[in-house]
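Me: I have a structure open and would like to go through it piece by piece. Can you take my questions as they come?

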Amino acid sequence: MFLSRIFGRALFTAAKSETSAATAAAASAARNPLEEFFEADRSTEDDKPVVYGRSWKASELRLKSWDDLHKLWYVLLKEKNMLMTQRQMLHAQNLRFPNPERVPKVRKSMCRIKQVLTERAIEDPDPRRSADMKRMINAL
């Protein structure tokens, strides 16, 4: 019994020190949450223009599950907030907003997600659930 207490304490202390070391490493590597509202700065040495992707097509979104569409909506919302913050910050400094075509791509994708969700709500045979889904979609 005495030995089990000693070994138990030693193991607990070792596990505790490893956990605290891992937590400290994660905290030092963690970024400020406000940094997510700004795009990472590109190197000024890069002469190549950055090519950004296209907006999502409704046919692609129809293949996604409810959870995938939900996650994608919030990724796009985060991207939209980042772009709007960056545009406002640069406008206040009288600087040009780089790649302004990204904003309409994000908005189009968000509108298409709403369209796909509305189509699913209309096709739902239960009128109550359909009405609830439509109310939720309109609140987005």
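Me: What is the volume of the second largest pocket?
Reply: About 170 Å³. Keep in mind that this is a predicted model.

Me: Which residues line the second largest pocket?
Reply: The lining is made of Y52, G53, R54, S55, W56, L76, E79, R102, K105, V106 and S109.

Me: How many of those are nonpolar, polar and charged?
Reply: By class, the lining has 4 nonpolar, 3 polar and 4 charged residues.

Me: Which helix gives the most to that lining?
Reply: α4 does, with 4 residues. Both α3 and α4 supply at least two residues of the lining.

Me: Back up a bit. How many helices and strands are there?
Reply: The protein has 5 helices and 0 strands. Along the sequence the pattern reads α-α-α-α-α.

Me: What share of the residues is buried?
Reply: Of the 140 residues, 18% count as buried. The protein exposes about 11000 Å², and carbon and sulfur atoms supply 58% of that area.

Me: And the contacts, how much comes from residues far apart in sequence?
Reply: Take the contacts with a separation of 6 or more: residues 24 or more positions apart account for 63% of them.

Me: Now the core. Which residues of the largest nonpolar core touch the most other members?
Reply: L61, L69, L76, L83 and I113, out of 19 residues in that core.

Me: Which helices supply at least two residues of this core?
Reply: α2 (58–61), α3 (66–92), α4 (102–123) and α5 (127–139) each do.

Me: Pick I113. What does I113 touch, leaving out residues up to four places away in sequence?
Reply: I113 touches L61, L69, L72, W73 and L76. Two of the core residues named earlier appear again elsewhere: L76 also lines the second largest pocket, and L69 is also a contact of V116.

Me: Then V116 next. Where is V116, and is it buried or exposed?
Reply: V116 sits in helix α4. It counts as buried because its relative accessibility is 1%, and the cut-off for buried is under 20%.

Me: What is V116 in contact with, beyond its neighbours within four places in sequence?
Reply: V116 is in contact with A58, L61, R62 and L69. V116 and L61 are 55 residues apart along the chain, yet their C-alpha atoms are separated by 6.9 Å.

Me: How about M110, buried or exposed?
Reply: M110 is found in helix α4. Its relative accessibility is 7%, so M110 counts as buried.

Me: What does M110 touch, with residues up to four places away not counted?
Reply: W73, L76, L77 and K80. The C-alpha atoms of M110 and L69 are separated by 9.8 Å, with their positions 41 residues apart along the chain counted as the distance apart.

Me: Where is Y74, and how far is its C-alpha from that of M110?
Reply: Y74 is in helix α3. Its C-alpha atom is separated from that of M110 by 9.5 Å, and the two residues are 36 residues apart along the chain.

Me: Is Y74 buried, exposed or partly exposed?
Reply: Y74 counts as partly exposed, because its relative accessibility is 43%.

Me: Let me switch to the loops. Where is L63?
Reply: L63 is in the loop between α2 and α3. At 76% relative accessibility, L63 counts as exposed. L63 and V116 are 53 residues apart in sequence, and C-alpha to C-alpha they are 9.8 Å apart in space.

Me: What about the loop between α3 and α4, which residues there have a positive phi?
Reply: N94 and N99 lie in that loop. N94 has a positive phi of about 60 degrees, and N99 has one of about 55 degrees. Neither of them is a glycine.

Me: Why point that out?
Reply: Because most residues other than glycine have a negative phi.

Me: Last one. Is N94 buried or exposed?
Reply: N94 counts as exposed, because its relative accessibility is 69%.

Methods. Residues are numbered from 1 along each chain as its sequence is written. This is a predicted model: local features need pLDDT of at least 70, side-chain atom pairs count only at pLDDT 80 or more; totals for chains, interfaces and linings use all residues. Side-chain values use heavy atoms; hydrogens and water are left out. A nonpolar core is a set of buried Ala, Val, Leu, Ile, Met, Phe, Trp, Tyr and Cys residues joined through side-chain atoms within 4.5 Å. Buried means under 20% relative accessible area, exposed over 50%, partly exposed in between (1.4 Å probe, protein chains only). Contact means heavy atoms within 4.5 Å. Accessible areas come from the Shrake-Rupley method with a 1.4 Å probe; for residues, only the protein chains shown count as cover. On a 1 Å grid over the protein atoms alone, a cavity is a set of points where a 1.4 Å probe fits but cannot get out, and a pocket is an open set with protein on both sides within 12 Å along at least five of seven lines; lining residues have an atom within 4 Å of a point. Grid points are joined across faces, edges and corners, and a volume is the space filled by probe spheres set on the points. Ala, Val, Leu, Ile, Met, Phe, Trp, Tyr, Cys and Pro count as nonpolar, Asp, Glu, Lys and Arg as charged, and the others, Gly among them, as polar.
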